[in-house]
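Here is a walk through one protein chain, taken piece by piece. Keep the structure open as you read.

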Amino acid sequence: MKRETLNRKARIRYVAVLILFSTALFVVAPPQAQGYNQEVKTAALAPIGVTMSPIRSRWTVAQEASGYWGIIGEMVIKNTSASTVSIKLARLSVVSSNDSVIAEALYKKRKQFAEMLMVVYQKTSGEVALRPAGTSSLEPGDTAFLLLASAAEKTHTPAEAKVQVRFKDGSSLSNEVELTTFDAGQRMQWPLQFSGGNWLALNTASGFGEHRKAIFPVDDEFFISQRFAIDTVQIDARNRTSNPPNSPRKEDYFAFGEAIMSTGEGTVVAVVKDQPDQEIGAADAENPGGNYIVIQHAPHLYSFYAHMQRDSAQVEVGESVSAGQLLGRVGNSGSSSEPHLHIHFMDNWDGLSPVLSLFTSQGVPALFWNAKVIRGPQTYLLNGTSPIDFDVITNP
Ligand SMILES: [Zn+2]
């Protein structure tokens, strides 16, 4: 794919920057004996006791800045049989409404599996753990998560995803998932200003970073609230994020203290502002989001701003906000490797407890208007589209 090639080139320039929202979220429900059989769609050649189903029965798709459709989704494979099954290959085929294949992704190498396949098991203590990266075999009782991604040219609208998994014993499973075009319903704006510098987009849905891997189980359902999250750092003309470079002081980072504005109009539903800003190298895994604000824009659309500066929040729960209204300042609270803004959009906020509210929603695409993206020699307007990894976001 064109955009992946561009990504790889850009990656070399920005290899020093790595930011995680949280690595403490690999929590997966223990496998339970239940009626899995209804989930099996393809009876022929299906391995007995092994099932596959999508996380979400419909996947939302949106265009990235250059106009390419980004198609991402996840499957859950459960091995409830008494034998080990080994995945040989996984294939994502994206079809348009007239059933022609418009994009495809094939995963069969160990290196690919290390990125997009997570196999989890339950220890005898009951604790759930990840098998080593690159594992493509499911022992009895194991659950695997497949993270899938492809991109389709803008001339064809994606209508359906077909996922096929073939096992080494010759058996296979397949599923079809409806694709729906995402519409935020209002023109969300980029939440940061450009007067102090441009912003680099990292850990977006175009890659297989930690955001997509933050899978949270509730009973037999899985949630990925950060699926489409973006981490962004402010950079100078030399693509540095601090002066001096790699400074041990959080105050030396260009992003630190920058204004965060609401992406759109809505109502404030959550504000946390008492968390300390971490020194560089420290991280609070217990409170990964640190100080954060959540705005409800529509019945099933919320924006979430994390790692804010302590006591910088300018709004209160219940308050109405307008697009562009000052919410607070970029900080380094929570689980953050350097000052940055983590932003994502999600479909739910139950308000019951911080953990449940943060993680029991599904992430929806982050689309912005009124900004420009620089990608290598190209520039694109963000007009209802999203940035991808290593895009530089600037004033239109
Ligand atoms: Zn993040």
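## How far to trust it

This is a predicted model, with a mean pLDDT of 88 for the chain and 89% of its residues at 70 or more. The stretch to be wary of is residues 1-44, where pLDDT stays under 50. The model still has 86 contacts beyond four places in sequence for that stretch.

## Strands around strand 10 and strand 11

Let's start with strand 10, residues 158-167, which runs antiparallel to strand 4 (residues 85-96). Nine bridges hold that pairing in the model, and if you click on Val163 in strand 10 you'll find Leu92 opposite.

Strand 10 also pairs with strand 11 (residues 172-181), again antiparallel, through seven bridges. Two spots are handy for checking the register: Lys162 has Glu176 of strand 11 as its bridge partner, and Val165 stands opposite Leu173 in strand 11. The hairpin made by strand 10 and strand 11 has four residues between the strands. Gly170 in that hairpin takes a positive phi near 95 degrees.

Strand 11 has another pairing, with strand 2 (residues 58-63). Here the two strands run parallel, joined by four bridges. Arg58 is bridged to Glu178 of strand 11.

While you're looking at strands, a rule of thumb helps: in a regular strand, side chains alternate between the two faces of the sheet.

## The nonpolar core

Which residues touch the most other members of the largest nonpolar core? They are Ile71, Ile77, Leu146, Ile293 and Tyr305, out of 106 residues in that core. Strand 9 (residues 143-152) gives the core its largest share, eight residues. The core also draws at least three residues from each of domain 1 (37-181) and domain 2 (198-394).

Leu146 is a good place to zoom in. Leaving aside neighbours within four places in sequence, Leu146 is in contact with Glu74, Met75, Ile77, Ala90, Met116 and Leu117.

## Some backbone oddities

Most residues other than glycine have a negative phi, and most peptide bonds are trans. Against that background, a few loop positions deserve a look. Asn203 and Phe390 both turn up with a positive phi:

| Residue | Phi |
|---|---|
| Asn203 | near 55 degrees |
| Phe390 | about 75 degrees |

Asn203 is in the loop between strand 12 (198-202) and helix 3 (210-213). Is Asn203 buried or exposed? Asn203 counts as buried because 24 other C-beta atoms lie within 10 Å, and the cut-off for buried is 20 or more.

Phe390 sits in the loop between strand 25 (378-382) and strand 26 (392-394). Phe390 is buried too, with 24 other C-beta atoms within 10 Å.

Then there's a cis peptide bond, which joins Asn243 and Pro244 with omega about 0 degrees. Pro244 belongs to the loop between strand 15 (230-235) and strand 16 (259-261).

## An exposed valine

Finally, go to Val317, in the loop between strand 19 (301-308) and strand 20 (320-321). Val317 has 12 other C-beta atoms within 10 Å, so this valine counts as exposed; the cut-off for exposed is 12 or fewer. Exposed or not, Val317 has partners: beyond its neighbours within four places in sequence, Val317 is in contact with Val268, Val269, Ala270 and Val271. The C-alpha atoms of Val317 and Val294 are 8.9 Å apart, with the two positions 23 residues apart along the chain.

Conventions
Residues are numbered from 1 along each chain as its sequence is written. This is a predicted model: local features need pLDDT of at least 70, side-chain atom pairs count only at pLDDT 80 or more; totals for chains, interfaces and linings use all residues. Two residues are in contact if their C-beta atoms, placed from the backbone, lie within 7 Å. Two strands pair if DSSP finds at least two bridges between them. A nonpolar core is a set of buried Ala, Val, Leu, Ile, Met, Phe, Trp, Tyr and Cys residues joined through C-beta atoms within 7 Å. Domain bounds come from an automatic or database domain assignment. pLDDT is the predictor's confidence in each residue, from 0 to 100.
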